[in-house]
Amino acid sequence: MTTAFDPITVGAVEAANRIFMAPMTRNRATLDGLATDVMVEYYAQRSGAGLIITEGIQPSPVGQGYISTPGLHSAEQVAAWRPVTDAVHSAGSVIFAQIMHAGRIGHPFLTGLTPVAPSAVRAPGHCVTTEGPVDNIAPRELTEEEILQTIEDHVTAARNAIEAGFDGVEIHGANGYLVQQFLSDNVNLRTDRWGGTVENRVRFPVEVVKAVAAAIGADRVGLRISPGNNDLDIVENDPAELYTTLLNALSDLPLAYVHMRETKDDRDLTRKMRAAWSGSFLLNPVYDVGEPHKALAEVLDEGIADAVVFARPFLANPDLTARIKTEGPYNAAAPNSFYGGGAEGYTDYPTVTSA
Ligand SMILES: Cc1cc2nc3c(=O)[nH]c(=O)nc-3n(C[C@H](O)[C@H](O)[C@H](O)COP(=O)(O)O)c2cc1C
């Protein structure tokens, strides 16, 4: 039987185990999107993960949704990532950059630009800017030309990621950001080839993934999805049909992986997704965060995924892989230091041996 500690090949990379670190935005970059020294330490500390997937990284200025998130659209940003990828490789792990275009999430106070989306449908809630929190505004509807440019921006960011030493990229198709806005029934109201039917709504993610795969190799590209997710007010009327259509449209591409975030206690939907994808399938399950080892065994024993992806347990336990081996104990994550700040609540979680 497959265990969490068996190595696994995901596309072009060899992961030492099947305990992967999920993307987590931590807002510790500079205001102009440069990775910082404390980020180097944070990622290096978590190199026990078979594969590290970084926090969301904006592929363009308008793609930035939150303050102090890193980018991959300038030479300075590429250079600033290099110490991170070097440190993770020296510590024996591999690392994918998550390319995240936030779409309608964002604000001119943050970027100087009006956020863009498939349609001009305002998101609920507020955006934290240098001026403090401000209500989200209605985004601008992307033109056909701008959609093609946005796809190109993902390609450039992916090439930049490879130049910065990343082993591959993950396209963020989950959690209510640009890609999922295109997939949704309520933020995509377009009547052109990018909206309306399911075939049209999957077109944007399919074109992004195909273009990025053509640029850096399909075996260095992963796609994150969150079927049925309602975060940021996203509505999907028939997630099983929508995502089966999406995965079928990508089936000719030997991608590194598809990474599903389960957002509801709906294993049957997860099983359908697994069945719809014949390549490597990663699962970030709904589980009891206090007992990740149980979720891991359950998922791997059933064969529902090839590797399991954890977020908060990795945030709070730099040595999570070692702790899973002994089935705990685990540090609990402190939500008040999730987003922004410095080393506190970031690089100072103790390991078992330092505690
Ligand atoms: C602090 C924090 C930041 C997150 N940022 C991202 C992100 O940038 N990209 C993403 O795809 N998911 C993000 N997520 C979602 C996680 O990857 C994960 O799906 C979620 O936390 C559930 O997994 P868990 O129960 O293991 O924490 C974030 C979660 C947390 C807690």
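What follows is a walk through a predicted model, going from its nonpolar core and helices to its empty spaces and a few points of unusual backbone geometry.

A useful place to begin is the interior. The largest nonpolar core holds 105 residues, and those that touch the most other members are W81, V169, I171 and F310. The greatest contribution to this core comes from helix α7, residues 203–216, which gives seven residues. Apart from this core lies another one, made of five residues, including M100, A102, I105 and A123. To see how one of the central members is surrounded, consider V169: leaving aside its neighbours within four places in sequence, V169 is in contact with F96, A97, I99, A158 and A161, and also with V212, I216, R220, V221 and G222.

W81, another of the core residues that touch the most other members, leads to helix α2. This helix covers residues 75–90, has 16 residues, and reaches 23 Å from its first C-alpha to its last, close to the 22 Å expected at 1.5 Å a residue. Helix α2 nevertheless has a kink of about 25° at W81, shortly before the proline P83. Its buried residues are Q77, V78, A80, W81, V84, T85, A87 and V88, and these pack against α1 (37–45), β4 (51–57), β5 (94–99) and α4 (144–163). Just after α2, the chain passes through G92, which takes a positive phi of about 95°.

Helix α4, one of the elements against which the buried residues of α2 pack, can be read in a similar way. It has 20 residues and reaches 29 Å from its first C-alpha to its last, close to the 28 Å expected at 1.5 Å a residue. Buried in α4 are I147, T150, I151, D153, H154, V155, A157, A158, N160 and A161, and what covers them includes α2, β5, β10 (168–173), α5 (178–183) and α7. Just after α4, G165 takes a positive phi of about 100°.

Further along the chain, helix α9, residues 267–276, has R267, L269, T270, M273, R274 and A276 as its buried residues. These pack against α8 (239–249), β12 (257–261), β13 (281–284) and α10 (292–302). Two of the buried residues of α9, L269 and M273, are also in contact with P227, a proline in the loop between β11 (221–225) and α8. P227 counts as buried because its relative accessibility is 3%, under the 20% limit. Leaving aside neighbours within four places in sequence, its other contacts are E236, P239, Y243, M260, R261 and T263. The C-alpha atom of P227 is separated by 19 Å from that of A123, a residue 104 places away along the chain.

Empty space is the next topic. Rolling a probe the size of a water molecule over the atoms shows where such space is left. The largest pocket has a volume of about 1000 Å³ and is lined by 37 residues, of which N175, Y177, D231, R261 and Y339 lie nearest its centre. β7 (126–129) and α11 (312–316) each supply at least two residues of this lining, and the largest share, three residues, comes from β7. As for enclosed space, the structure holds one cavity of 30 Å³ or more. The largest cavity has a volume of about 50 Å³, and its lining is formed by T25, G56, Q58, G63, Q64, G65, Y66, T69 and M100.

The last topic is the backbone. Most residues other than glycine have a negative phi, and most peptide bonds are trans. Against that background, S68, in the loop between β4 and α2, has a positive phi near 55° although it is not a glycine. Is S68 buried or exposed? With a relative accessible area of 13%, S68 is buried. L232 likewise has a positive phi, near 55°, in a residue other than glycine, and is found in the loop between β11 and α8, where P227 also lies. L232 counts as partly exposed because its relative accessibility is 25%, between the limits of 20% and 50%. Finally, the peptide bond from G328 to P329 is cis, with omega near 0°, and P329 has its place in the segment after α12 (320–325).

How values were computed:
Residues numbered from 1 in each chain as written. Predicted model: local features only at pLDDT ≥ 70, side-chain atom pairs only at ≥ 80, totals over all residues. Heavy atoms only, no water. Core = buried A, V, L, I, M, F, W, Y, C linked by side-chain atoms within 4.5 Å. Buried < 20%, exposed > 50% of the residue type's maximum accessible area, 1.4 Å probe, protein only. Helix = DSSP H or I, 4+ residues; strand = E, 2+ residues; numbered from the N terminus. Contact = heavy atoms within 4.5 Å. Expected span 1.5 Å × (residues − 1). Bend = angle between axes of the 7 residues up to and from the residue. 1 Å grid on protein atoms, 1.4 Å probe; cavity = no way out; pocket = protein on both sides within 12 Å on 5 of 7 lines; lining within 4 Å. Points joined across faces, edges and corners; volume = space filled by probe spheres on them.
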